[in-house]
Amino acid sequence: MSEVTGRLRRPPALTFVMGAILAALVGPNAYYLLSGSSHALQTWSTIFIAVVVQAFPFLVLGVVLSGLIAAFVPDSVFARLPRHPAIAVPAAGLAGAILPGCECASVPVAGGLVARGVTVPAALAFLLSAPAINPVVLVSTAVAFPQVPNMVLARFAASLGTAVVVGWLWARFGRPGWLRIPQRRFGGTRPGTEAFRLTVQHDLLHAGGFLVVGAAMAATLNVAVPPGWITAVAGIPVVSALVLAVLAVLLAVCSEADAFVAASLAGFPMTARLIFLVVGPVVDLKLIALQSATFGRAFATRFAPMVFVVAVVAAAVTGTVLL
Amino acid sequence: MSREVQGVFVAVAGVIMLRLALFGEYLNYVKPSLQPYLVAASLGVTVLGLASFLLDAVFPRQADPGQADPGQAGADDGHDHGGRAPWSGWLFGIPMAVILLVPPPPLGSYAANRTGATVPRPASLRFAPLRSGGIVALLVRDYAARATWDQGRTLSGRTVRLSGFAVPQAGGGWYLARATLTCCAADARTVKVEVDGSRSSFATDAWVTVTGSWTASAERDPARAVPRIHAATATLTSRPENPYE
C-alpha cells in the first residue's frame with residue numbers, strides 16, 4: 001500500500017540521477033579542498049577502497065551462496081541435519097573447511113543457514129571455522145611459514161577448537177534474545193529464481209553497507225596506529241601476544257592474507273603470531289560490522305569479546321604444545 | 001531503500017566495479033590475481049541489478065508478492081517490509097562514489113615513511129644467482145633482501161635496474177621505494193633502498209628508474225641494515241600499470 005503511494009510521490013530513478021549529478025559536481029571539489037596536501041587522508045582513502053574492493057568478490061560469493069540456500073535447498077535437507085550440539089557443532093565446524101573464501105563470505109552464509117533452521121550454535125561454529133580452516137587459507141599459511149611446518153597444523157587445530165568451544169558455550173549459556181534470527185524473507189511461496197534474486201539483493205545491500213563501516217574503521221586504525229608502537233613490544237613475552245591479538249582485530253586483514261602479514265612480523269614469538277592468525281579470521285572490525293548486520297548489535301557486542309578470549313586461549317595453548 | 005531504487009543502485013554499483021576491474025585502476029588497490037573474481041562478481045551484480053530494475057521498477061506486478069507471502073509480514077522486524085532494503089545499503093554508495101569521482105592514488109611516500117628501512121628476514125636465505133647478461137631488472141624487494149641478508153653476494157659485480165618512487169630523506173638524500181601487496185593495500189609493506197651517488201633530486205612520489213650496482217650498508221647485522229644501491233643513472237619514468245610488486 002505504501003509501496004504504491006511511495007512510487008507516485010517520488011520518482012526514485014530521477015532522484016537518484018539528480019543526486020548523482022549533484023555529487024559529481026560538488027564531490028571532487030569538496031574532497032580536494034579537504035585533502036589538499038593531506039597525504040594521510042589520501043592514504044586513508046586508498047586503504048578504505050582497497051578493503052572494499054578486496055572484500056567485494058568474497059561478499060558476492062557469500063550472498064550468492066546464502067541466496068542458493070534460501071531459495072533452492074529443500075526443507076528436507078535441513079530437517080535431516082543433526083540438532084544436538086554435541087554432534088552438530090563439531091560437524092558444522094569441520095564443514096567450514098569447504099567454503100573457499102574469507103570472513104566476508106562466511107557471515108551471510110551463516111545467516112542464511114540460521115534462516116533455514118540450522119541451530120544457532122552449529123551456524124556459529126561454521127561462521128568461525130570457515131574463514132580460518134579452508135584450503136586456500138591453509139595453503140597460504142604453509143607458503144608464508146616454510147621453516148615452521150607445524151604452523152598449518154597449529155592454525156587448523158586452534159581455529160577449529162575456537163569454533164567448537166564457542167559453539168558449545170553458546171549452546172550452554174546463550175539466550176535467545178541475544179541474537180536476531182535472520183528471516184527467510186523471500187522463500188516459501190515464491191518461485192525459486194525470484195526468491196534467489198530478492199535474497200541476494202537484500203543481503204548484498206545489507207552486508208555491503210556494513211562492510212563499508214568496517215572498511216572505514218580498519219583504514220582509520222591502519223593510518224592512526226604508529227608502526228613503531230608495534231615493533232617496540234616484540235620482545236616482551238605476554239604483552240607481545242596480546243598486542244598481536246588486538247592488532248588482528250584492528251587491522252582486519254583478510255584471512256587469505258594474514259599469514260603473510262604474520263610472517264613479516266619479525267621479532268615476535270611464533271605463539272604470538274599464531275594468536276594473530278587465530279584471532280584475525282574470527283574477530284575483526286569489519287567482521288563485527290558484518291555480524292551486527294546479520295544477527296543484530298546485541299549479538300555482536302557479546303559474541304566478539306567471547307570469541308576473542310576463547311581464540312586467544314586456544315591459540316596460546318596450541319602454540320605452547322605445537323610450536 | 002525501496003524496491004524500485006534497489007535495482008538501479010545495485011546495477012550502477014556493478015558497473016562502477018566492472019569499470020574498475022577492466023581498466024586497470026583496480027591495480028592501485030589489490031593484486032592482479034583478483035581481477036577475474038572482481039570481473040565475475042561485478043558482472044553478476046550488474047545483471048542482478050538490471051533484472052531487478054526491469055522486474056521491480058519498470059514492469060512491477062500489480063499485487064506486490066512481498067505482501068502476499070503468508071507469515072512473512074508478522075515475522076519481519078519492520079525495517080524491510082515489502083522488499084525494502086535497510087538504509088545501510090546506501091552506505092555502499094560512498095566507496096562507489098569515491099571510485100568513480102575521486103579515485104585515490106596508490107600508496108606512496110606517506111605510507112613508506114611510516115615503516116623503517118630495514119628488511120625482514122626472508123623465508124629462505126638461499127638466493128639464486130642473477131640472470132646472466134648485461135643489466136638485470138630486479139624487484140625492489142628482491143634487491144633489498146639480497147643486499148642485506150645475502151650481504152650482496154649475488155649482486156656484487158653486476159649492474160641492476162630498479163623502479164620505484166622517490167622518498168626524500170629528512171637529512172638529504174633519498175630512498176627508492178616500492179610497496180608489496182599480499183592481498184590489498186591494507187596489508188602493504190613498503191621496501192626502501194637508499195640511493196647513493198645520485199646528484200639528481202626528485203619530487204616526493206616521482207617514479208624513478210635507477211641503474212646501478214650494490215654497495216655495502218654501514219651496518220653489518222642484516223636485521224638492522226638498510227639496503228643501498230650506488231646509482232650510475234637515475235631517471236624519471238612513468239608510473240607502471242601495477243604500482244606494487
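**Exercise 1. Work out how helix 9 and helix 16 of chain A pack: at what angle do they cross, and how far apart are their axes?**

Step 1. In this predicted model, helix 9 (residues 150-173) and helix 16 (residues 297-322) of chain A cross at roughly 140°, and their axes come within 8 Å. Axes here are lines fitted to C-alpha atoms, for helices over the stretch in contact, with angles running from 0 to 180 degrees between N-to-C directions. Helices are DSSP runs (H or I, at least four residues), numbered from the N terminus.

Step 2. Put a word to that angle: helix 9 of chain A and helix 16 of chain A are therefore oblique to each other. (Under 35 degrees is roughly parallel, over 145 roughly antiparallel, 65 to 115 roughly perpendicular, and the rest oblique.)

Step 3. Now the hand: helix 9 of chain A passes helix 16 of chain A in a right-handed crossing. (Left-handed: the near helix is turned anticlockwise from the far one by less than a right angle; right-handed: clockwise.)

Step 4. Look at who touches whom, contact being heavy atoms within 4.5 Å. On helix 9 of chain A the residues include A157(A), V165(A) and W170(A), and on helix 16 of chain A they include F303(A), M306(A) and L322(A). By class, this contact has 17 nonpolar, three polar and no charged residues. (Ala, Val, Leu, Ile, Met, Phe, Trp, Tyr, Cys and Pro count as nonpolar, Asp, Glu, Lys and Arg as charged, and the others, Gly among them, as polar.)

**Exercise 2. Do likewise for helix 6 and helix 7 of chain A: what is their packing angle?**

Step 1. Helix 6 (residues 103-115) and helix 7 (residues 120-133) of chain A pack at about 165°, axes 9 Å apart. That makes helix 6 of chain A roughly antiparallel to helix 7 of chain A.

Step 2. Their crossing is right-handed. E103(A), S106(A) and L113(A) are among the helix 6 residues involved, and F126(A) and P131(A) among those of helix 7. The split is 11 nonpolar, one polar and one charged.

**Exercise 3. Describe the interface: how many residues of chain B contact chain A?**

Step 1. Count: 74 residues of chain B are in contact with 63 residues of chain A.

Step 2. Get the area: the chains bury about 6000 Å² between them, 68% of it on carbon and sulfur atoms. (Buried area is the accessible area, 1.4 Å probe, that two parts lose on being put together, summed over both.) In chain B, F92(B), Y110(B) and R114(B) lose the most area to chain A, together 10% of what that side buries.

Step 3. Check for salt bridges (a side-chain nitrogen of Lys or Arg within 4 Å of a carboxyl oxygen of Asp or Glu). The count is one, and D56(B) forms a salt bridge with R197(A), closest N and O atoms 3.1 Å apart.

How values were computed
Residues are numbered from 1 along each chain as its sequence is written. Chains are lettered from A and ligands numbered from 1 in the order in which they are written. This is a predicted model: local features need pLDDT of at least 70, side-chain atom pairs count only at pLDDT 80 or more; totals for chains, interfaces and linings use all residues. Side-chain values use heavy atoms; hydrogens and water are left out. Helices (H or I, at least four residues) and strands (E, at least two) are DSSP runs, numbered from the N terminus.
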